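Here are a few short exercises to work through with the model open in your viewer. Try each task before you read its solution.

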Amino acid sequence: MKKYLAWFLALVTALSLAACGGNSGGGSSGGGQSSGGGEKGLQVALCLSGAANDQGWNQTAYEGTVKACEKYGCTLAYSENLGTADIAAAFADYAASGYDVIIGHGFEFGDPALEVAATYPDVKFICTEADASADNVASFVMACEQTAYVEGIIAANMSKSGKIGGIGPIQGDSLVKIINGFEDGARSVNPDIEVQTAWINSFTDTQLAQEAASAMIDSGVDVIKHCANACGNGAMGAAVEAGIWCQGDSYDQSSLAPDNILDSALYNLDVVLDIALTSVVDGSFRGEVYNLGMSDGAVALLLSDNIPDDVRQTAQTAMDQIVSGELQVVRDYTVRN
């Protein structure tokens, strides 16, 4: 029954996105949509590395952009499944077509934004998780390592084997900091815990992620955390098949593993992009790199009912300490293994 419910929810989401002008396929573009009434607002374009209905990293950006655009009566268009080689061309196409604001969701959009922005100084470029800034380029970096740290605490408390695993897509700074935060949180509970890491080198290959997770499980791992965009769904599938715990990323992923999920790291792009678009609308936009964390509402952790009360309290205490500033989570971009 749960399987059919998950299928139904995914179908509803897909139909909802289709009604908004989205479509699938490599480098595809969604049609423009009016997100508000009255006078013509800003024309906003969103560029994504995967599908806008992936129940993860890209969907949270799509929904967050829609919400921010509705607030300001913006017109929104978007492109999905953009490979690294496609980004600059997509940016240039939108800029040449008269879009006022172009959003690139992910660290890989930073350098192409700088490249294209120099040719279109009147267009504002906004990147998430990048380190790019110029007169018309701003980046908004979320403290995803904070949620990952608490997930590490949860994983270490829930593991019986003393072996946990983290699966990432590509070794970019915004992803490495998550895996490292996860490891640091786990070691704060058990300094001797074994943390296995696998990098899939893809944002979308669910089969590779499933195979990597299965290999970890075969070696004794009994909790798997991913930050692997759409391919992370494969890792969660392997956890469900093996009957071990898993942890979601970017979005409420409980429907993917209702009996196995411990938590979902939430990246609140509605908050982040509201801040970004507000700066454009009110004229306060500055080409800088902005850092937003739990205390700003940019990231959060959704705890599953599968977590025992004592572990839930431990996790909540850690989150409260992060918000208050009592607990400082180190942001580490070093690839450890």
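## Exercise 1: the sheet

This predicted model holds an open sheet of six strands in the order S8-S7-S9-S10-S11-S13, with mixed pairing. Find the edge strands of this sheet, then examine how S11 and S13 pair.

**Solution.**

Step 1. Look for strands that pair on one side only: these are strand S8 (194-199) and strand S13 (299-303). From one strand to the next, the twist averages 15°.

Step 2. Turn to strand S11, residues 261-267, and its pairing with S13: the sense is antiparallel, over five bridges.

Step 3. Pick out a bridge in this pair. Leu266 has Ala300 in S13 as its bridge partner.

## Exercise 2: the two sides of H4

Sort the residues of helix H4 (residues 110-117) by burial and decide what covers the buried ones.

**Solution.**

Step 1. With under 20% relative accessible area as the cut-off for buried, the buried residues of H4 are Gly110, Pro112, Ala113, Val116 and Ala117.

Step 2. Look down the axis of H4: these buried residues fall within an arc of 160°, so they line one face of the helix.

Step 3. Now check the face turned away from the buried side, which carries the exposed residues Asp111 and Glu115.

Step 4. The cover over the buried residues of H4 includes helix H3 (87-96), strand S5 (124-128) and strand S6 (137-142).

## Exercise 3: the two sides of H3

Repeat the analysis for H3: which residues are buried, and which exposed residues does the face turned away from them carry?

**Solution.**

Step 1. The buried residues in H3 are Ile87, Ala90, Phe91, Tyr94 and Ala95.

Step 2. Seen down the axis of H3, they fall within an arc of 130°, so they line one face of the helix.

Step 3. Asp93 and Ala96 are exposed on the face of H3 turned away from its buried side.

Step 4. Follow the chain past the helix: H3 is followed by Gly98, which has a positive phi, near 95°.

## Exercise 4: how H3 meets H4

Describe the packing of H3 and H4 by angle and axis distance, then list the contact residues.

**Solution.**

Step 1. The packing angle of H3 and H4 is about 40°, and their axes are 9 Å apart.

Step 2. Classify the angle: H3 and H4 are therefore oblique to each other.

Step 3. For the handedness, H3 passes H4 in a right-handed crossing.

Step 4. H3 makes the contact through Ile87, Ala88, Phe91 and Ala92, and H4 through Pro112, Ala113, Glu115 and Val116.

Technical notes
Residues are numbered from 1 along each chain as its sequence is written. This is a predicted model: local features need pLDDT of at least 70, side-chain atom pairs count only at pLDDT 80 or more; totals for chains, interfaces and linings use all residues. Side-chain values use heavy atoms; hydrogens and water are left out. Two strands pair if DSSP finds at least two bridges between them. Helices (H or I, at least four residues) and strands (E, at least two) are DSSP runs, numbered from the N terminus. Axes are lines fitted to C-alpha atoms, for helices over the stretch in contact, and angles run from 0 to 180 degrees between N-to-C directions. Buried means under 20% relative accessible area, exposed over 50%, partly exposed in between (1.4 Å probe, protein chains only). The arc is that of the directions from the helix axis to the C-beta atoms. Contact means heavy atoms within 4.5 Å. Angles under 35 degrees count as roughly parallel, over 145 as roughly antiparallel, 65 to 115 as roughly perpendicular and the rest as oblique. A crossing is left-handed if the near helix is turned anticlockwise from the far one by less than a right angle, and right-handed if clockwise.
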